[in-house]
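Visitor: I have a structure to go through before setting up some calculations. Could you take me through it?
Guide: Certainly; here it is.

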Amino acid sequence: MFHEPPKNFLYSSYRVDAKHTDSSGTSKEGIATGFVVEGRAGEAWFITNRHVVDLDYRQATAKFKDFQLAEFSITGRRSDDSIYTFSLHPSARMFFHDDEENDVVVIEPHCVWEGVPENQRSLHWHFGKEHLADESVFKESLQPFDVVCYAGFPDQHDKLGNRPILRSGHIASDPRYDYSWDSKARGQCVAYEGFSLSGSSGSPVFAPPRGTTTMPNSRHGFLVGINAGHLPNHPSGHSGISYFYKSTVITEIFARNGLA
């Protein structure tokens, strides 16, 4: 378990550059974020939002129905601060949750390492399964107004150094229950007060430790979820309320597909 926010939590976030194209050759490109969780036997799995790889996911209209993922590259940073980029091979497997409302994808990092020496073909900064908050954390430890932080690549990220930025917020809904912004079941998500913006999709969300082991209501820090979006119900375009999908979604995808 984390006893303090991990030293390299900022760099646990990877930049995603995704390109989708349709049959007429029209393309749509975007930036997002993802992170890595270790599965069985030390295998690495890349985590981001489903809507990052599938433009047609949960769309109210058919405007993106003909679009398919054409390119998907991931950029990370090594411990010596050097940058590396790899592309997913077209045959890389993707796993989704049985409940389609859970906006999460677990991706096999079957990589194309162009120009990267063989001895440098590895991923850096990842989480272990023990870092993921389980159901008991949401039921007993995480509370409304607890602080969370998330690292990612919104438009305000450091473009000169190609570095992520860290933002914070507070749990806004009751984490014991799944949050819905429109009275429909929206999957295993939690609302938080914070400004998630385009590019932050897929950011790891971390709940820092609270108190000390000798204090009542104290707890360790945990990776609690995957940032997914914000509610735009405000004249300025952002309500100040964002939401993330619980880390239990990752655990359930792992278990369902024998990845853990």
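**A buried serine and its surroundings**

Guide: S203 is buried, with a relative accessible area of 1%. This is a predicted model.

Visitor: Where does S203 sit in the fold?
Guide: S203 lies in the loop between β11 (189–193) and β12.

Visitor: Which backbone oxygen does the side chain of S203 reach?
Guide: The side chain of S203 reaches the backbone oxygen of A151 at 3.1 Å. In addition, the backbone oxygen of S200 is 2.7 Å from a polar atom of the S203 side chain.

Visitor: And what is S203 in contact with, leaving aside neighbours within four places in sequence?
Guide: With those neighbours left aside, S203 is in contact with T33, F35, Y150, A151, G152, G225, I226 and N227.

Visitor: Why is S203 classed as buried?
Guide: The cut-off for buried is under 20% relative accessible area, and S203 has 1%, so S203 is buried.

Visitor: Let us turn to β9. Is strand β9 mostly covered or mostly uncovered?
Guide: Strand β9 (residues 147–152) is mostly covered, with five of its six residues buried.

Visitor: How many bridges join β9 to strand β10?
Guide: Six bridges join β9 to β10 (residues 165–171), and the two strands run antiparallel. Within that pairing, V148 stands opposite G169, and the bridge partner of Y150 is R167.

Visitor: How many bridges pair β9 with strand β12?
Guide: β9 and β12 (residues 204–207) pair over two bridges, in the antiparallel sense. C149 stands opposite F206 there.

Visitor: What do the six strands close into, and in which order?
Guide: The six strands close into a barrel, in the order β9-β10-β11-β14-β13-β12, with antiparallel pairing. Neighbouring strands of this sheet are turned by 45 degrees against each other on average, direction ignored.

Visitor: What about the other sheet?
Guide: Eight strands form an open sheet in the order β6-β7-β3-β2-β1-β4-β5-β8, and the pairing is antiparallel. Its edge strands are β6 (94–96) and β8 (111–112), each of which pairs on one side only.

Visitor: How many bridges join strand β1 to strand β4?
Guide: Seven bridges join β1 (residues 14–21) to β4 (residues 68–77), and these strands run antiparallel. H20 stands opposite L69 in β4.

Visitor: I also noted K28. Which strand is it in?
Guide: K28 is found in strand β2. K28 is partly exposed, with a relative accessible area of 39%.

Visitor: What does K28 touch, not counting residues up to four places away in sequence?
Guide: On that basis, K28 touches A18, K19, H20, L55, F64 and F67. One of these contacts, F64, is 36 residues from K28 in sequence, and the C-alpha atoms of the two are 9.8 Å apart in space.

Visitor: Now the helix α3. Which strands does it lie across?
Guide: Helix α3 (residues 247–256) lies across β2 (27–38), β3 (44–48), β6 and β7 (105–107), running at about 80 degrees to β2. α3 also lies across β13 (222–230) and β14 (241–246), at about 30 degrees to β14. The helix therefore lies across strands of the open sheet and across strands of the barrel.

Visitor: Which residues of α3 are buried?
Guide: In α3, the residues S247, T248, V249, I250, I253 and F254 are buried. An α-helix has 3.6 residues a turn, so residues three or four places apart point the same way.

Visitor: What comes just after α3?
Guide: Just after α3, G258 takes a positive phi of about 65 degrees.

Visitor: Finally, the whole protein. How many helices and strands are there?
Guide: The secondary structure comes to three helices and 14 strands. The radius of gyration is 18 Å, close to the 18 Å that the globule rule gives for 260 residues, so the protein is as compact as a globular protein of that length. Its C-alpha trace spans about 55 × 45 × 40 Å along the principal axes.

Visitor: What share of the residues counts as buried?
Guide: Of the 260 residues, 47% count as buried. The accessible surface comes to about 12600 Å², and 50% of that surface belongs to carbon and sulfur atoms.

Visitor: And the contacts between residues at least 6 apart in sequence?
Guide: Among those contacts, 65% join residues at least 24 apart.

Definitions and conventions
Residues are numbered from 1 along each chain as its sequence is written. This is a predicted model: local features need pLDDT of at least 70, side-chain atom pairs count only at pLDDT 80 or more; totals for chains, interfaces and linings use all residues. Side-chain values use heavy atoms; hydrogens and water are left out. Two strands pair if DSSP finds at least two bridges between them. Helices (H or I, at least four residues) and strands (E, at least two) are DSSP runs, numbered from the N terminus. Contact means heavy atoms within 4.5 Å. Axes are lines fitted to C-alpha atoms, for helices over the stretch in contact, and angles run from 0 to 180 degrees between N-to-C directions. The radius of gyration is taken over C-alpha atoms; the globule rule is 2.2 Å times the number of residues to the power 0.38. Buried means under 20% relative accessible area, exposed over 50%, partly exposed in between (1.4 Å probe, protein chains only). Accessible areas come from the Shrake-Rupley method with a 1.4 Å probe; for residues, only the protein chains shown count as cover. A polar contact is a pair of N or O atoms within 3.5 Å; within protein, one must be able to donate a hydrogen and the other to accept it, and residues adjacent in sequence count only if both atoms are side-chain atoms.
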